[in-house]
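Q: Please take a close look at one part of this model: the enclosed empty space inside the protein. Describe what surrounds it, then work outwards to the buried polar side chains.

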Amino acid sequence: MNRNIKYIITFCVLLTFFGIFSTSAQDEPELIVRIDAVFVSQILKTLPIDRDDLIDSYLEKIVVTKGYVERVIKKNIYKQQYCIELIDSLNNSGMNFKFHLYTENSEFSTLLDKGDLFEFKGQLVMYTPASLKKDIYVLDIILEDGALVVE
């Protein structure tokens with residue numbers, strides 16, 4: 001009888017051990033969102049009335065993408081002094097994004113010129129649909145890292 005109990009306990013311990021370590025990265029929520037052709041395709045497959053819910057699920061997550069600089073202005077929002085305004089570089093058919101990147105770094109106002117391609121990573125804090133068709137969105141992002149792309 002003791003031998004059967006030992007087998008049962010060993011079996012339960014092994015099941016628990018394998019259960020803990022068998023979770024994959026796919027089971028964890030995605031922390032980085034790449035705004036690319038796949039992302040746009042996913043949005044376009046979603047009904048316009050449901051697009052806000054989809055984008056809402058990305059709030060507070062890190063987004064990575066690039067866009068063309070429109071301008072850099074002094075704008076005190078989200079406890080940041082500067083706003084870099086970009087338009088997306090995806091050349092999408094049917095979907096457009098405008099990015100407002102907020103930063104404390106004043107160097108961006110002298111480094112970036114209109115039309116420069118800027119790649120960045122930051123936290124999505126707010127979004128605004130800019131048309132009733134839900135095909136244009138303005139994304140407010142707290143900039144974490146960014147670099148000028150030399151073409």
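A: First, a working definition. A cavity is a set of grid points where a 1.4 Å probe fits but cannot get out, and a lining residue has an atom within 4 Å of one of those points. Rolling a probe the size of a water molecule over the atoms shows where empty space is left. The model examined here is predicted.

The search covers the whole structure and returns one cavity of 30 Å³ or more. The volume of the largest cavity is about 50 Å³. Its lining consists of Val33, Ile35, Phe39, Ile43, Ile55, Tyr58, Val63, Phe97, Leu124 and Leu139. Sorted by class, that lining holds 10 nonpolar residues, no polar ones and no charged ones.

Two of these lining residues, Phe97 and Leu139, lead on to the packing. The largest nonpolar core contains 26 residues, and Phe97 and Leu139 are among those with the most contacts inside it, along with Phe99, Leu101, Phe118 and Phe120. Several elements give two or more residues to this core: helices α2 (37–45) and α3 (51–56), and strands β2 (62–77), β3 (80–88), β4, β5 (117–129) and β6 (136–149).

The wider fold sets the scene. The chain has four helices and six strands. Their order along the sequence is α-β-α-α-β-β-β-α-β-β. Of the 151 residues in the chain, 33% are buried. Among contacts with a separation of 6 or more, 60% join residues 24 or more positions apart.

Now the polar side chains. Start with Asp88, since it touches a lining residue: its contacts beyond four places in sequence are Lys66, Gly67, Tyr68, Met95, Asn96, Phe97 and Phe99. Asp88 sits in strand β3. Asp88 is classed as buried because its relative accessible area is 10%, and the cut-off is under 20%. A polar atom of the Asp88 side chain lies 2.5 Å from the backbone nitrogen of Phe97. The Asp88 side chain also has a polar atom 3.3 Å from the backbone nitrogen of Leu90. Asp88 and Val69 are separated by 19 residues in sequence, and their C-alpha atoms are 9.1 Å apart.

Strand β3 also holds Gln80. Gln80 has a relative accessibility of 15%, so it counts as buried. A polar atom of its side chain lies 3.1 Å from the backbone nitrogen of Glu104. Beyond its neighbours within four places in sequence, Gln80 is in contact with Lys75, Tyr102, Thr103, Glu104 and Ile142.

One of those partners is Thr103. Thr103 belongs to strand β4, which covers residues 96–103. Thr103 counts as buried because its relative accessibility is 7%. Its side chain has a polar atom 3.0 Å from the backbone nitrogen of Asn105. Setting aside neighbours within four places, Thr103 is in contact with Gln80, Gln81, Tyr82, Ile84, Phe108 and Leu143.

To pull this together: the cavity lining is made of nonpolar residues. Phe97 is one of its members. Phe97 also ranks among the residues with the most contacts in the largest nonpolar core. The backbone nitrogen of Phe97 lies 2.5 Å from a polar atom of the Asp88 side chain.

Notes:
Residues are numbered from 1 along each chain as its sequence is written. This is a predicted model: local features need pLDDT of at least 70, side-chain atom pairs count only at pLDDT 80 or more; totals for chains, interfaces and linings use all residues. Side-chain values use heavy atoms; hydrogens and water are left out. On a 1 Å grid over the protein atoms alone, a cavity is a set of points where a 1.4 Å probe fits but cannot get out, and a pocket is an open set with protein on both sides within 12 Å along at least five of seven lines; lining residues have an atom within 4 Å of a point. Grid points are joined across faces, edges and corners, and a volume is the space filled by probe spheres set on the points. Ala, Val, Leu, Ile, Met, Phe, Trp, Tyr, Cys and Pro count as nonpolar, Asp, Glu, Lys and Arg as charged, and the others, Gly among them, as polar. Buried means under 20% relative accessible area, exposed over 50%, partly exposed in between (1.4 Å probe, protein chains only). A polar contact is a pair of N or O atoms within 3.5 Å; within protein, one must be able to donate a hydrogen and the other to accept it, and residues adjacent in sequence count only if both atoms are side-chain atoms. Contact means heavy atoms within 4.5 Å. A nonpolar core is a set of buried Ala, Val, Leu, Ile, Met, Phe, Trp, Tyr and Cys residues joined through side-chain atoms within 4.5 Å.
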